[in-house]
Amino acid sequence: MLRATLKGMASRKARLVLTSLAVVLGTMFVAAAMVLTATMEKSVSGVIADAYTGVDAVVTRDTDGGGMGGPGNPAAMAIPAATLEQIRATDGVDRADGAIEGQVKALGENGKLVGTFAPTIGLNWASGEGQGDYIELREGRGPEADGEVAVSAKFAADSGFTVGDTVTVYSDTVDLESAVAYEIVGVYGLSGDRDSLAGETQVAFSTGDAQRLLTGGEDVYTSVYVYGDAVDTDAIAAAVGNDFKVQTGEEASEAAAQGFAVVSDFMGYIFLGFGLVAVFVSIFLIINTFTIIVAQRQRELALLRAIGAGRGQVVRSVLAEALIIGTGASIIGLGLGLLLGWGLSEVVSATMMGGLPVQLLIPATTLWALAVGIGVTVLSALLPAVKASSVPPVAAMREAVNPPKPLRGITIAGAIVFLAGAVLLAFGLTDNLGGEELTGILVGVGIAFVGVTMLTPILSRPLVALLGAVMSWSFSGRLGKLNAGRNPRRTAITASALMIAVALITGIATLVSSIKSTTSEALDLNLNSDLIVSGAQGGASIPSFSPERVNEIRALPDVDEVGDVYADFFNTKVNGEEAALSSSSDLQAALAVFGGTVAEGSVADLAPDAVVVDEGTAKDRGVDVGDTVEVTFSDGTAEQLTIAAILEGYDLTNGWWVAPDQVQHFMVQKPMQAYIQVAEGADVAAVQDEVDEILKDEPEVGVTNNAEFVEQQTGGLDTILAAVQILLALAMIIAVIGVVNTLVLSVLERTRELGLLRAVGMTRGQVRRMITVESVIICVFGAVLGIAVGIGLGWTVQQALEEEGLHNFALPWGLIATYLVAAVVVGLLAAIAPAARAAKLNVLGAIAYE
Amino acid sequence: MSTASPVRTTAVSAEGLWKAYGMGEAQVVALRDVSVEFASGAFTAIMGPSGSGKSTLMHCLAGLDTTDRGTVHIGDTAVTGLGDKALTKLRRDKIGFIFQQFNLLPTLTAEENITLPAAIAGAKADPAWINQIIKTLDLADRLSHKPTELSGGQQQRVACARALASRPEVVFADEPTGNLDTRSGAEVLRFLRTSVDDFGQTIVMVTHDPSAAAYADRVVFLADGQIVEDMAEPTADKVIDKMKHFEELVAAAQGEHA
């Protein structure tokens, strides 16, 4: 029996190759995702671990929370010089270097801040050997005196400066007005020939300069690196006392790597997510291929039954074939997956991680890819095998007709599953799941997704007929349409693979466009401003500018009104509950620009002990005009303030507004944004130029018109969308191969039919057109379903986030059109090989084909 | 049984056809210098034992297979040497086919199958003519049915209608009754006879069934790649009788080229 199986496989090479291809691809993507995740994690943590190579102990202040860059209290983080001396005096310590690290702001060649999205790190240049492993001078030298700096290669590239130029650097302690220019004396890279660790830019100062910028000039350090063969951490701990944490170099490396592991874990989840999508799509591909192949082998299997093979033997024969294909193809897929994972790691490292050196790691879990490949293949073959064995031999040996199975069962089951998902979703969206709404929504979406997939065969009938009607202008097109519709299950399962990829992309694109629409509506609806002064959001520091500029802008002849906004949101509270605080130098004027209205009370000339709040918040907190609330600012001050007015609900003005006098308690005591209302009939672009001129010495902010502002606020989303599209394109490739697979198998199955068509006068071109139309219909069907499901997905998430402020639902029409066009192109491409194969059929051979 | 028309032109002619399969020792010569003419408006049967080359001859005549030597004409058209495009057009416009099985497209209705060649050509079939065929074949109430909803005999009648729909120069039928019961087979053969008698259709039919051959005006016997007998006005008995002496005929033929 096994010999018959092997011989049968060998005689059907095309089918063997196509089935194997499905398994190879599925396994490959799983393995690649696993290798990529593990490799990126190891590479990232390897880099961080590098930082403490050669360091025998690291001493830091023992404080929990208040991470780097957070405002906290710098003094609480500091290690005094006396402690450094204590460390140096400890037995076994050969050398101890005080290090100072923190965030700084530097002006680039264009007068704006260097590094918008990642921070600029200031540190003191240590000439000791320890850092030598890690910092590699590329040009010039390290700073030897105050006023000199060395910069990282990424800083040099981003700022436009090079050795010999001067750069202005300021910080939270030293503001822009009193900032000093430093001479760049060197440019350095980081070990492994990198320009940056993870996108940040660096400036290295003399120890004195670093202390002035980062510790307010005190002789303190943020950490101490200890060197010595006989370093004893316990001895150091005993010497410095309880306020400090002493770690060995290895412990410090691990701790640092763990901090970064969050980043690589996040990336890992993303890639694993795509890996799972790839597997899911591949499962469709494998099941479909096997179902078709076993159906086509029905006669061969029936012959085996007729000559005395038992049902079990037939099933085992099919399973043996599946096992052989599954094992062989999975091993090939695993090998290719390892290569792909390695290649992807290099690409990710080069494009997203600043040229991080890749340390390939193949985790043991990669073997799961083998299990997935073999398991899915054998399971996919089981059902068709059992079905094939149950057909009476004589019936199967007659004409190889495979009448399409009725769709009632799967349709009813699909409808039930879909409804179950929808009900769960509805409960989740209407907050009826007792706190488990998000889980309920996610599970509901997943269940509904499975339901839709089960409904695809029944949906394929009207949709294929409709799509086909568009494409069947020629007779060969009409035949292609009929072929696409003749086996709804096959068409549906082939299209489903494409649907999944398209649905995910469309869902994310819908979400992005909804966010954009919500943002721009918030601006357009009530906002009377024409220009906005602001910094890029998502930056490492909070952008702000001098209040003087607001007055200068107000003085411009074509400016009617300017509403400025101050904000305080770090550990700020109202009546003990977290709440963001805002302020404006003239709240009444600001409200006019925002288009906000006062529902109750007055906002004119707010007294220092007055506070203003919007209706919604007031309702939530159960407060009204005249009530007193306790407001805690980020500097820790708490004040009893009386509610002077209630504002009508409106996004831009939601929250608590305090009088300008209270800004002194804010962490940032400068305005962060200003909204400018230009005089009626004035040239907005001209005013924008004037404001730009006023802001030329404000490195952190710029002026934008409303459309540019929306773009600026949501620009990051487009990047994410682009990245997601690229990754999902990989899943799409699998789906396309699934289409090719189905078409080739259909061509094989319809060999005699094609022979007949050619015999009665169909040209090769017409045959090609017929196959192409079928392919395009399947692809567009998948894309249409995917777009519909994706829109549903996006809508669901938007509904779930409505309370978080995502009010608008907007469809990404441009992208949807693009996906449809892409589906047509994909259909054309997928048809090339099968169509060529069909057109090349030898007519005589095809008619006689068994 | 035949009603010979007074003026007969040649619908299909073959001149010195040679066809061999395989190479060297394993080479099988399927056609050995075959020359034959088929008059238009006549029903000719090609008979012979398995491996005699009767199917090969038909395939070569119909432009489905290439010849090693010799020429084939259909009407005025020289089939030999035509490219795929021209052959396809020839098959579409001048030839009708009836096969033993799998004659219809499962996705199309009976009516659509009948007009298939015209549809492929992007032309409209002559409705009066189609109606006449449908009436003759008694298919009027089956037109909207799919092939799977038709009996074997009905399917083959639809195939006959398709073969005749474009008024081809010649209809080639390859064992048209091979898959049918006697009654359905007789119906098909009666129709082929009628189409020759009433519509002047030329038909070349390959068969191994003497009673099927008896419907023809003429039977050409093939053995070992050669024409060994040409019988006019056949009856089933005459054909059976001839077949009984077939071994002698074959021996004689082999003696000629040995």
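Two strands count as paired when DSSP finds at least two bridges between them. With that rule in mind, this tour goes through a predicted model, beginning with a sheet in chain B.

**Stop 1: the sheet of chain B**

Select β6, β7, β8, β3, β9 and β10 of chain B. These six strands form an open sheet, and the order across it is β6-β7-β8-β3-β9-β10, with mixed pairing. Look next at the two edges, β6 (95-98) and β10 (226-232) of chain B: each has a single partner strand, so one side of each has no neighbour in the sheet. On average, and with direction ignored, neighbouring strands here are turned by 20° against each other.

Keep β10(B) displayed and add β9 (residues 218-223) of chain B. The two strands run antiparallel and are joined by six bridges. For a single pair to centre on, choose Arg218(B), which stands opposite Ala232(B) of β10(B).

**Stop 2: helices lying across that sheet**

Add helix α1 (residues 54-61) of chain B. This helix lies across four strands of chain B, namely β3 (43-47), β7, β8 (203-206) and β9. Its direction is at about 150° to that of β7(B).

Then add α6(B), which lies across β6 and β7 of chain B. Relative to β6(B), helix α6(B) runs at about 170°.

**Stop 3: two loops beside β7(B)**

Which residue in the loop between α6 (152-165) and β7 (170-174) of chain B should be selected next? It is Arg167(B), a residue that is not a glycine and yet has a positive phi of about 45°.

Now move to the loop between β7 and α7 (182-199) of chain B, where Glu175(B) is found. Glu175(B) is likewise not a glycine, and its phi is positive, at about 45°.

**Stop 4: where chain B meets chain A**

Display both chains together. In this interface, 23 residues of chain B are in contact with 23 residues of chain A. The two chains bury about 2200 Å² between them, and 67% of that area is on carbon and sulfur atoms.

How many salt bridges are there between chain B and chain A? The count is three. To view a salt bridge across the interface, select Asp84(B) and Arg764(A), whose closest N and O atoms are 3.6 Å apart. On the chain B side of the contact, the elements that give two or more residues are α2 (84-94) and α4 (116-121). The residues on this side of chain B comprise twelve nonpolar, five polar and six charged. Between the chains there are also six residue pairs in polar contact, counted with both residues at pLDDT 80 or more.

**Stop 5: a sheet of chain A**

Hide chain B and select β3, β12, β1 and β13 of chain A. These four strands make an open sheet with antiparallel pairing, in the order β3-β12-β1-β13. At its edges stand β3 (95-99) and β13 (244-248) of chain A; each has a single partner strand, so one side of each is left without a neighbour in the sheet. From one strand to the next, the twist averages 20°.

Zoom in on β3(A) and β12 (residues 223-227) of chain A. They pair in the antiparallel sense over five bridges. Within this pairing, Arg95(A) has Tyr227(A) of β12(A) as its bridge partner.

**Stop 6: helices on the sheet of chain A**

Add helix α3 (residues 81-89) of chain A, which packs on the sheet and touches β1 (57-61), β3, β12 and β13 of chain A. The direction of α3(A) makes about 160° with that of β3(A). Show the side chains of Glu85(A) and Arg88(A), which meet in a salt bridge with an N to O distance of 3.2 Å. Because these two residues are three apart in helix α3 of chain A, they are separated by about one helical turn.

Finish with helix α7 (residues 233-240) of chain A. This helix lies across β1, β12 and β13 of chain A, and runs at about 170° to β13(A). With all chains displayed again, the salt bridges come to 29 in total.

Key
Residues are numbered from 1 along each chain as its sequence is written. Chains are lettered from A and ligands numbered from 1 in the order in which they are written. This is a predicted model: local features need pLDDT of at least 70, side-chain atom pairs count only at pLDDT 80 or more; totals for chains, interfaces and linings use all residues. Side-chain values use heavy atoms; hydrogens and water are left out. Contact means heavy atoms within 4.5 Å. Buried area is the accessible area (1.4 Å probe) that two parts lose on being put together, summed over both. A salt bridge is a side-chain nitrogen of Lys or Arg within 4 Å of a carboxyl oxygen of Asp or Glu. A polar contact is a pair of N or O atoms within 3.5 Å; within protein, one must be able to donate a hydrogen and the other to accept it, and residues adjacent in sequence count only if both atoms are side-chain atoms. Ala, Val, Leu, Ile, Met, Phe, Trp, Tyr, Cys and Pro count as nonpolar, Asp, Glu, Lys and Arg as charged, and the others, Gly among them, as polar. Axes are lines fitted to C-alpha atoms, for helices over the stretch in contact, and angles run from 0 to 180 degrees between N-to-C directions.
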